[in-house]
Amino acid sequence: MSNHRLDAEYADPMPLQVRIDTHQRYSEKPDDPIADVLAAIELTGTEHLADIGCGDARFLACLAAAGHRGTLVGVDTAPAMVAAAAAIPQVTAVLGAAERIPFDDNTFDVLTARHMLYHVPEPTTALTEFRRTVKPGGTVAVVVNHPTNCARTAELVAAHAASYGLTAAHAEHFTVDSGTLPAMMSEIFGMVQIYRTDSALVFDRPAPLARFAEALLTFHGVTPDHPHRQAILADLRADIEDWFTYHPGASWRDPKGYIVATATG
Ligand SMILES: C[S@@+](CC[C@H](N)C(=O)[O-])C[C@H]1O[C@@H](n2cnc3c(N)ncnc32)[C@H](O)[C@@H]1O
């Protein structure tokens, strides 16, 4: 993914919030990656914790609301996300990249990187930084998706982008997934524990699917400033409406899932 596309995707927290909201509301099984991370890392409440690629910092907000007493640090490359994190009392928000974490060696008791490592061109560089900045004996938790995560909807969006000349070369290339992360992490940390979740998005009407599909457009090269974005979006919405019209009573089911991988620094 070009920097322009990644910058465009996260210049505004809204598409990310739509995707998270969709997973919360339209998953076949309860979908709560925050709860899954918390179950995997078992915090005492006093840890000095960094969330890398923190997005709108809802994980840190959740910890603060639960009475976490240790320092909470959010690091992200997107200024809009850093601003969202900075608005949460108790969170120290820092503009920075996973490949060069702006903290000293052995700083954090816990470091989390949730749904972000697949955006990093060299994930091994980021994992090495996680190891450097977490204290010996500290915990690192990384969440990445399955390689086929929401592939059905992604393929639909890709087909609409392709009809306007935006091909695979324009699409987001995810650098790591649940199939490749465990070996990558073991190289750096040794033993890795895996917690796996399998589910599906299920839509029984067009509007929430169209909303979700729209929130994927930038990943397929249809950036907010793309001259054909409105036309592509109109075609996509019409196609989704048609699918429900021609499949009365059917649901659009799209398999998905992720792993939480933990290791000790
Ligand atoms: C899919 S969002 C996930 C946000 C949050 N972790 C969550 O799960 O809600 C990915 C986030 O990673 C950030 N990001 C992308 N590349 C990054 C990098 N190299 N270093 C730090 N953050 C990065 C993006 O700006 C975005 O906020």
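In this predicted model, the side chain of Asp76 places a polar atom 2.6 Å from an oxygen atom of the ligand. Glu99 also makes a polar approach: one of its polar side-chain atoms lies 2.9 Å from a ligand nitrogen atom. For Thr77, an N or O atom of the side chain is 3.5 Å from a nitrogen atom of the ligand. Taken on its own, the ligand has 600 Å² of accessible area, and the protein covers 95% of that.

The residues around the ligand number 19. Asp76 and Glu99 are among the closest, together with Gly53, Ala98 and Arg114. Sorted by class, this shell holds ten nonpolar residues, six polar ones and three charged ones.

Asp76 leads from the ligand to the sheet, since strand S2 covers residues 72–76. Strands of a sheet pair through backbone hydrogen bonds, and the pairing can be parallel or antiparallel. Here seven strands make up an open sheet with mixed pairing. Read across, their order is S3-S2-S1-S4-S5-S7-S6. Strand S3, residues 91–95, and strand S6, residues 192–203, are the edge strands; each has a single partner, so one side of each has no neighbour in the sheet. From one strand to the next, the twist averages 15°.

At the S3 edge, the partner is strand S2. S2 and S3 run parallel and are joined by five bridges. Within this part of the sheet, Gly74 stands opposite Ala93 of S3. Helix H5, made of residues 79–86, packs on the sheet here and touches both S2 and S3. The direction of helix H5 makes about 165° with that of S3.

Strand S2 thus ties the two parts of this description together: residues 72–76 form the strand paired with S3, and Asp76 has a polar side-chain atom 2.6 Å from a ligand oxygen.

Methods. Residues numbered from 1 in each chain as written. Predicted model: local features only at pLDDT ≥ 70, side-chain atom pairs only at ≥ 80, totals over all residues. Heavy atoms only, no water. Pairing = 2+ DSSP bridges. Helix = DSSP H or I, 4+ residues; strand = E, 2+ residues; numbered from the N terminus. Axes fitted to C-alpha atoms, helices over the stretch in contact; angles between N-to-C directions. Contact = heavy atoms within 4.5 Å. Near = heavy atom within 4 Å. Polar contact = N/O pair within 3.5 Å; in protein donor to acceptor, adjacent residues only side chain to side chain. Areas by Shrake-Rupley, 256 points an atom, 1.4 Å probe, with all protein chains shown as cover. Nonpolar A, V, L, I, M, F, W, Y, C, P; charged D, E, K, R; others polar.
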